[in-house]
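Thanks for sharing this one with me. Here are my notes, point by point, to read with the structure open beside you.

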Amino acid sequence: MEPSDNEAKTPGAESWEKLFMETLGRSSRKPFSGTIRVCDQVLELFDNANQFFYLSDYSSLNMLYVSPNIIHVLGYQPDEFDFRTVFEMIHPDDRKPVFEVAKIVLNREMNYISGNTDRHVVLYLSYRAARKSGRYSRISLTISRHLDHEGGVYDMGVIRDISHVRCGTRVTFALLGGKPIGELPAIVPDGGNTITRREQEIIYYISKGYSSKKIANELNISEYTVSTHRKNIFRKTCTRNLVDMLLYAATNGII
């Protein structure tokens, strides 16, 4: 049975399930067979404020673990949050572009997605999603792949409410860690101040976890100059901390 025009424009849960099962389900990736253990330290680091995380097996569409803070971020209980919820909570106007992003990633990053390589790439997505109450919020979804020593591959998804970040309603995505500096575009924020090539380089290294001292050594400049660039980056992006600045950078194609 062919999908209707409306279904083609707004892919539903069935379309997502078919996409994943026809790609990951047929890849060499083995279903996760390990044991999920989440310690208090992990919860303290990732399950707080405006974010929660989940562990899953995308090849079998099986949710392995959902952290408790989901109740504060989206209003769901952990046992209510499954893959259908992940797909169905996407804003109707965002479903088609998010679906297209998923197809692009699956086609171009199959080795990474299916677990055939240890290359570290993280998928970042930003779009509108519905809380259990029906109210829409702007969220970011970051998905990273991890090898389990007991068997198989699992994914960690971190969902954060970023409604406080001024990034519009456009669906955006980036494959973090996989973009060479030479491909960085010229960016002009809403305020009109151009992010310079040097500032783009510094943002790139910050996203890699480099300290100011290490960035200075890498770029052969002083640590004081790096600090000055960091201040200018915060001013130009209208952000006050590293997390929001990196979210802005990912949303606007800087990294």
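1. Let me begin with a helix pair. Arg198, Glu201, Ile202, Tyr205 and Ile206 of α8 meet Ile215, Glu218 and Leu219 of α9. Please keep in mind throughout that this is a predicted model. The two helices, α8 (residues 197-207) and α9, pack with their axes 10 Å apart and at an angle of about 130°. An angle of that size puts α8 and α9 in the class between roughly perpendicular, which ends at 115, and roughly antiparallel, which takes angles over 145; they are therefore oblique to each other. The crossing of α8 past α9 is right-handed.

2. How do α8 and α10 cross, and how far apart are their axes? The angle is roughly 95° and the axes come within 10 Å, which makes α8 roughly perpendicular to α10. On the α8 side, the contact uses Arg198, Glu199, Ile202, Ile203 and Ile206. On the α10 side, the residues are Val226, His229, Arg230, Asn232, Ile233 and Lys236. Arg198, Ile202 and Ile206 are thus listed in the contact with α10 and also in the contact with α9.

3. Burial along α8 goes with these contacts. Eight of its eleven residues are buried, and the helix is mostly covered. The buried residues are Glu199, Gln200, Glu201, Ile202, Ile203, Tyr204, Tyr205 and Ile206. You may like to look at the charged side chains here, as both Glu199 and Glu201 are buried. Just after α8, Gly209 has a positive phi of about 90°.

4. Two residues other than glycine deserve a look at their backbone angles. Asn220 has a positive phi of about 60° and sits in the loop between α9 (212-219) and α10 (223-237). Its relative accessible area is 72%, over the 50% cut-off, so Asn220 counts as exposed. Cys238 also has a positive phi, near 55°, and is found in the loop between α10 and α11 (242-251). With a relative accessible area of 48%, Cys238 is partly exposed.

5. Next, the strands. Is β3 (residues 122-130) enclosed or open? Nine of its nine residues are buried, so the strand is largely enclosed by the rest of the structure. Both of its faces are covered: one side carries Val122, Tyr124, Ser126, Arg128 and Ala130, and the other carries Leu123, Leu125, Tyr127 and Ala129. Do note Arg128, a buried residue on the same side as Tyr124 and Ser126.

6. Strand pairing is worth following from β3 onwards. β3 and β4 (residues 136-147) run antiparallel and are joined by nine bridges. Within this pair, Tyr124 stands opposite Thr142, and Ser126 stands opposite Ser140. The hairpin of β3 and β4 has five residues between the strands, and Gly134 there takes a positive phi near 100°. β4 is also joined to β5 (residues 153-161) by nine bridges, again antiparallel; in that pair, Ile139 has Asp161 as its bridge partner.

7. Which residues have the most contacts inside the largest nonpolar core? They are Trp16, Phe52, Tyr54, Leu74, Phe81, Tyr127 and Ile159, in a core of 35 residues. Elements giving two or more residues to this core are α2 (13-23), β1 (51-57), β2 (62-66), α4 (70-73), α5 (83-88), α6 (92-108), β3 and β4. The largest share, six residues, comes from α6. Apart from this core lies another, of 13 residues, among them Ile195, Ala216, Leu219 and Ile233.

8. Tyr127 links several of these points. It is one of the buried residues of β3 and one of those with the most contacts inside the largest core. Leaving aside neighbours within four places in sequence, Tyr127 is in contact with Ile90, Asp94, Val98, Ser137, Arg138, Ile139, Leu141 and Val171.

9. Finally, some totals for orientation. The protein chain has eleven helices and six strands, and 47% of its 255 residues count as buried. Among contacts with a separation of 6 or more, residues 24 or more positions apart account for 59%.

Methods:
Residues are numbered from 1 along each chain as its sequence is written. This is a predicted model: local features need pLDDT of at least 70, side-chain atom pairs count only at pLDDT 80 or more; totals for chains, interfaces and linings use all residues. Side-chain values use heavy atoms; hydrogens and water are left out. Helices (H or I, at least four residues) and strands (E, at least two) are DSSP runs, numbered from the N terminus. Buried means under 20% relative accessible area, exposed over 50%, partly exposed in between (1.4 Å probe, protein chains only). Two strands pair if DSSP finds at least two bridges between them. A nonpolar core is a set of buried Ala, Val, Leu, Ile, Met, Phe, Trp, Tyr and Cys residues joined through side-chain atoms within 4.5 Å. Contact means heavy atoms within 4.5 Å. Axes are lines fitted to C-alpha atoms, for helices over the stretch in contact, and angles run from 0 to 180 degrees between N-to-C directions. Angles under 35 degrees count as roughly parallel, over 145 as roughly antiparallel, 65 to 115 as roughly perpendicular and the rest as oblique. A crossing is left-handed if the near helix is turned anticlockwise from the far one by less than a right angle, and right-handed if clockwise.
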